[in-house]
Amino acid sequence: MTDTLFGKFASGDPLAASRLMTRVERGGPDAEEVLRRLFPAMGRAYRVGLTGGTGSGKSTLADALTRRYRDDGLTVGVVAQDPTSPFSGGAVLGDRIRMTGAAGDPGVFFRSIASRGSQSGFSVLADELADVLDAFGRDIILLETIGVGQLEYKIRYSAFTTVVVFTPEGGDEVQGLKSGLMEIGDVFVVNKSDRPGADAFAADLRSTLAFRYGNAAWSPPVVATVADRGDGVDELVRAVANHRTQLEAGGGLEERRRQGLRYRTRYLAEEKINGSFWGNPYIQRRFDGIFKRVVSDGLSPYEAADLLAASLRIDEKNQ
Amino acid sequence: MNRPIKILIAKPGLDGHDRGAKVVANALRDAGMEVVYTGLHQTPEMVVEAAVQEDVDLVSVSVLSGAHMTLMPKIRELMNEAGMESVRLIGGGIIPEKDAEELKEKGVVEEVFGPGTDTRDIVSFIEGLFESAG
């Protein structure tokens, strides 16, 4: 692979960063080489996740937070994920529309990514793009999940501070409990809080959190915002900073890094194991043979899967 | 593994109508492409900044305001300066035939699609661009 690209990347060329991200997106050995080479430069950025339902205002909050961090002289990277259509495989990536404050500012790098085959609201691939921005020297990285409401818990392995965004009509806290969002939030936001019912919703949220976290070292605060007016954004920045301070003081940051690396390592190993299993010609032949018995001899898929899994051990003995 | 064709649909300039751009964005998505849409009132600088950060394979610019002879060459020029010489540009909107020919001759755009274009023609044109490139 071209060393010039890495050279340009090191000198801060945004197109080089962008092209390296595309290599990561394309996958395969090139992608691994990029991530391996950049790995020593990663780990400096502070990662903040933004998750919540569709239309809760994640992108607008990302824009507001970006402005605030830029005012503080910090550089910002944003990776925003949007859903891929399961029917066509295509996607419309519209999160940039809200990033009105970042235009023309070289201190902000915004990248959109489609969810593609991922079952997660923030895929490992999206996290790898964040890694590139981390190595690119961004101080803060904002990770924006897709907005479906139930799949975002894995953002927990990417972000150090996870911000969960609700709107007053985004319902009832029971929905929140169901979706698992209540478990992953370090900071909660009630956005569009100029709408009716915001105070009652925030109060409900606070009492639920108080009940859940009791005397824990960190009890997630609830921040009311009106993101498009910038209301409450200062308080949100403070809440994120407080969480960061608490993590750093209590060893929690190292623990989160470890969890993230552990998740990533396991994920990569699974991918490789999966690939070498299905890519193995012996397994392919065995699969064809065993599957014939499912179709014609009434073998159950469960027995078939056991036989297939056992084939791997047989194959290992043969080697 | 490969990435689907990634396209930036941009609305530079002052006109406030993006129905056409949105129709095209949806058609391209339905054809399996990834479409970054940036919204209205973009400057040429903003369009190119988005193209760089998203590393798109193609930029599609829609202009209805009549400023296409300024905006489109400016975007092409800025893309070239940014190192995106090899990334192609297509145009859409209200563009007189004569202007469209001139933009194509000067190598500003690959093609211009006016009102009433069947979105399937746009899809097959784009697919053709990338098939020939391999």
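Me: Before strand 2 and strand 5 of chain A come up, what counts as two strands pairing?
Reply: Two strands pair if DSSP finds at least two bridges between them. Please keep in mind that this is a predicted model.

Me: Understood. In which sense do strand 2 and strand 5 of chain A pair, and over how many bridges?
Reply: Strand 2 of chain A, residues 76-82, pairs with strand 5 of chain A in the parallel sense, over 5 bridges. Within strand 5 of chain A, A:Glu144 is the bridge partner of A:Ala80.

Me: And how many bridges join strand 1 to strand 5 of chain A?
Reply: Strand 1 of chain A, residues 46-52, is joined to strand 5 of chain A by 5 bridges, and the two run parallel. Here A:Val48 has A:Leu142 of strand 5 of chain A as its bridge partner.

Me: How many residues of strand 5 of chain A are buried?
Reply: Strand 5 of chain A spans residues 140-144, and 5 of its 5 residues are buried. Both of its faces are covered. One side carries A:Ile140, A:Leu142 and A:Glu144, while A:Ile141 and A:Leu143 lie on the other.

Me: What does buried mean as a cut-off?
Reply: Buried means under 20% relative accessible area.

Me: Changing topic to pockets. What is the volume of the largest pocket?
Reply: The largest pocket has a volume of about 1,300 Å³. It is lined by 45 residues, and the closest to its centre are A:Val124, A:Glu128, A:Arg264, A:Tyr267 and A:Leu268.

Me: Which helix gives the most to the lining of the largest pocket?
Reply: Helix 10 of chain A gives the most, with 11 residues. Helix 3 (28-38), helix 5 (124-135) and helix 10 (252-278) of chain A each supply at least two residues of that lining.

Me: How does the lining of the largest pocket divide by class?
Reply: The lining of the largest pocket has 18 nonpolar, 12 polar and 15 charged residues.

Me: What about the second largest pocket, and which residues lie nearest its centre?
Reply: The second largest pocket has a volume of about 630 Å³. Its lining comprises 27 residues, and A:Gly55, A:Gly57, A:Ser59, A:Asp95 and A:Arg98 lie nearest its centre. By class, the lining divides into 7 nonpolar, 11 polar and 9 charged residues.

Me: Which elements of chain A each supply at least two residues of that lining?
Reply: Helix 4 (58-71) and strand 2 of chain A each do so. Helix 4 of chain A gives the most to the lining of the second largest pocket, with 3 residues. Strand 2 of chain A is also the strand that pairs with strand 5 of chain A in the parallel sense.

Key. Residues numbered from 1 in each chain as written. Chains lettered and ligands numbered in written order. Predicted model: local features only at pLDDT ≥ 70, side-chain atom pairs only at ≥ 80, totals over all residues. Heavy atoms only, no water. Buried < 20%, exposed > 50% of the residue type's maximum accessible area, 1.4 Å probe, protein only. Helix = DSSP H or I, 4+ residues; strand = E, 2+ residues; numbered from the N terminus. 1 Å grid on protein atoms, 1.4 Å probe; cavity = no way out; pocket = protein on both sides within 12 Å on 5 of 7 lines; lining within 4 Å. Points joined across faces, edges and corners; volume = space filled by probe spheres on them. Nonpolar A, V, L, I, M, F, W, Y, C, P; charged D, E, K, R; others polar.
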